Amino acid sequence: MSDKLLSIKDLYVIYETDEETVKAVNGISLEINKGETLGIVGETGAGKTTTALSIMRLLPKDIGKIIDGRIKFDEVDITTVTEADMRQIRGERISMIFQDPMTSLNPVLTIGEQIGEVIELHKNLNKENMQKKVEEMLELVGIPAQRKNEYPHQFSGGMKQRVVIAMALACDPELLIADEPTTALDVTIQAQVLDMMDELKQKLNTSMILITHDLGVVSQTCDKVAIMYAGEIIESGTAEDIYEGENHHPYTIGLFDSIPSLTKETARLSPIEGLMPDPTDLPTGCKFHPRCPKCMEKCKTEKPKDIVNGTHIIKCHLYNSQNCCG
Ligand SMILES: Nc1ncnc2c1ncn2[C@@H]1O[C@H](COP(=O)(O)OP(=O)(O)OP(=O)(O)O)[C@@H](O)[C@H]1O
Ligand code: NI
């Protein structure tokens with residue numbers, strides 16, 4: 001049975017200007033099956049949004065370039081498909097919630113009008129059915145249908161985010177990419193929106209990519225997790241591999257240590273020391289070695305390979321095929 005929906009193989013993406021070449025994505029591979037949710041986790045600048053924009057083929061024109069690799073969505077090769085076909089895929093089969101969702105709402109249109117616009121683009125409905133669909137979408141995200149005549153400023157941040165999610169789902173996409181969908185919200189509202197996304201995923205069987213800085217955020221929602229550092233996936237696996245597995249990449253351990261704790265008041269955040277490397281001048285060997293507490297001599301010169309143990313993959317010299325990965 002092939003229920004593979006998206007597969008990315010050895011993808012390399014750069015941003016090229018006259019002054020510099022930013023190596024944003026450096027050889028990532030991943031797969032998502034139908035109905036599955038993948039979390040992509042990493043610090044700022046890791047290449048998460050670039051990966052999402054590559055799937056949508058919305059990299060900034062003339063600057064952002066896929067220089068190698070394949071992106072296959074169902075049977076379509078995203079890297080070579082025509083712009084006309086891509087336009088149809090975007091919005092009809094794949095939709096994306098952008099990193100700054102609050103700005104994706106138009107202040108002068110009602111919530112209902114804005115959801116209606118999305119539906120109109122993709123579905124041929126008469127006025128009455130269109131209104132029904134708008135109401136259905138609002139209720140799906142937990143907003144009473146009668147609020148469709150209100151304007152964005154009458155909604156709280158969390159409610160606006162629900163509207164943005166309703167718009168993204170209005171075309172019944174097979175894949176929803178959510179780029180930091182809750183970062184702008186406070187912690188309680190964040191949890192509510194995530195719970196809702198979790199429910200939607202069960203109900204609609206939509207595949208999802210959930211992008212976040214915070215390993216804690218994806219734990220309840222994701223089937224699989226990919227951890228990105230300097231444009232590479234340095235560890236990936238099922239949620240169980242990542243949250244219960246014994247062995248981890250030192251960077252993943254650092255991310256775990258920096259999850260804010262709600263329960264332990266005295267717990268101090270221990271963010272990973274140092275900064276993400278300059279993407280125009282990446283370190284040799286393992287890209288994490290300058291920050292790695294476990295750095296060995298060979299990490300400075302030799303690129304680590306993926307060490308695979310079933311579904312769990314770690315790119316680190318600490319492990320080899322005998323002792324990985326748990
Ligand atoms: N239009 C652009 N031109 C040049 N460099 C860019 C452009 N967009 C992104 N970059 C660079 O590419 C790298 C990857 O950026 P990307 O936005 O994919 O990271 P991210 O993981 O999504 O980070 P964040 O968590 O901050 O959103 C960064 O070094 C970033 O500065
Ligand atoms: Ni981003």
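## A look around Tyr-229 and ligand 1

Let's start with one tyrosine: Tyr-229 sits in strand S9, which covers residues 224-229. Keep in mind that this is a predicted model. Is Tyr-229 buried or exposed? Its relative accessibility is 1%, and since anything under 20% is classed as buried, Tyr-229 counts as buried.

What does Tyr-229 touch, once its neighbours within four places in sequence are set aside? The contacts are Glu-43, Ala-46, Ile-234, Tyr-251, Leu-275, Met-276, Pro-277, Lys-287, Phe-288 and Arg-291. Two names in that list, Tyr-251 and Phe-288, come back below as ring partners in a cluster with Tyr-229.

**Across the sequence to Asn-26**

Tyr-229 and Asn-26 are 203 residues apart in sequence, yet their C-alpha atoms are 9.7 Å apart in space. Asn-26 belongs to strand S2. With a relative accessibility of 10%, Asn-26 counts as buried. Its side chain has a polar atom 3.0 Å from the backbone oxygen of Ala-230. Ala-230 also turns up among the contacts of Asn-26 when neighbours within four places are left aside, and the others are Leu-11, Tyr-12, Gly-231, Glu-232, Leu-282 and Lys-287. Lys-287, then, is in contact with Asn-26 and also with Tyr-229.

**Rings that pair up**

How many aromatic pairs does the structure hold? There are 4. One of them joins Tyr-229 and Phe-288 edge-to-face, with 5.0 Å from centre to centre and 85° between the planes. This pair links distant parts of the chain: Tyr-229 is in strand S9, while Phe-288 is 59 residues away, in the loop between helix H9 (250-257) and strand S11 (306-309). Both Tyr-229 and Phe-288 are buried.

Another pair is made by Tyr-243 and Phe-256, whose ring centres are 5.7 Å apart; their planes stand at 85°, so this pair is edge-to-face. Tyr-243 is part of helix H8 (residues 239-244) and Phe-256 is part of helix H9, so the pair ties together parts that are 13 residues apart in sequence. Here the two residues are partly exposed: Tyr-243 has a relative accessible area of 25%, and Phe-256 has a relative accessibility of 25%. Finally, ring pairs link Tyr-229, Tyr-251 and Phe-288 into a cluster.

**Around ligand 1**

Now for the ligand. A shell of 16 residues surrounds ligand 1, and the closest are Thr-44, Lys-48, Thr-49, Thr-50 and Gln-99. By type, the shell divides into 6 nonpolar, 7 polar and 3 charged residues. Oxygen atoms of ligand 1 make polar contacts with several residues, including these:

| Residue | Part of the residue (N or O atom) | Distance to an oxygen atom of ligand 1 |
|---|---|---|
| Ala-46 | backbone | 3.1 Å |
| Lys-48 | side chain | 2.8 Å |
| His-213 | side chain | 2.9 Å |

How much of ligand 1 does the protein bury? On its own, ligand 1 exposes 640 Å², and the protein buries 70% of that. Which elements give two or more residues to the shell? They are strand S2 (21-33) and helix H1 (48-56). H1 gives the most, with 3 residues.

Strand S2 ties the two parts of this tour together: S2 contributes to the shell around ligand 1, and Asn-26 lies in S2. Ala-46 does something similar, with a backbone N or O atom 3.1 Å from a ligand oxygen and a place among the contacts of Tyr-229.

How values were computed: Residues numbered from 1 in each chain as written. Chains lettered and ligands numbered in written order. Predicted model: local features only at pLDDT ≥ 70, side-chain atom pairs only at ≥ 80, totals over all residues. Heavy atoms only, no water. Near = heavy atom within 4 Å. Polar contact = N/O pair within 3.5 Å; in protein donor to acceptor, adjacent residues only side chain to side chain. Areas by Shrake-Rupley, 256 points an atom, 1.4 Å probe, with all protein chains shown as cover. Helix = DSSP H or I, 4+ residues; strand = E, 2+ residues; numbered from the N terminus. Nonpolar A, V, L, I, M, F, W, Y, C, P; charged D, E, K, R; others polar. Buried < 20%, exposed > 50% of the residue type's maximum accessible area, 1.4 Å probe, protein only. Contact = heavy atoms within 4.5 Å. Phe/Tyr/Trp six-rings, centres within 6.5 Å; stacked < 30°, edge-to-face > 60°.
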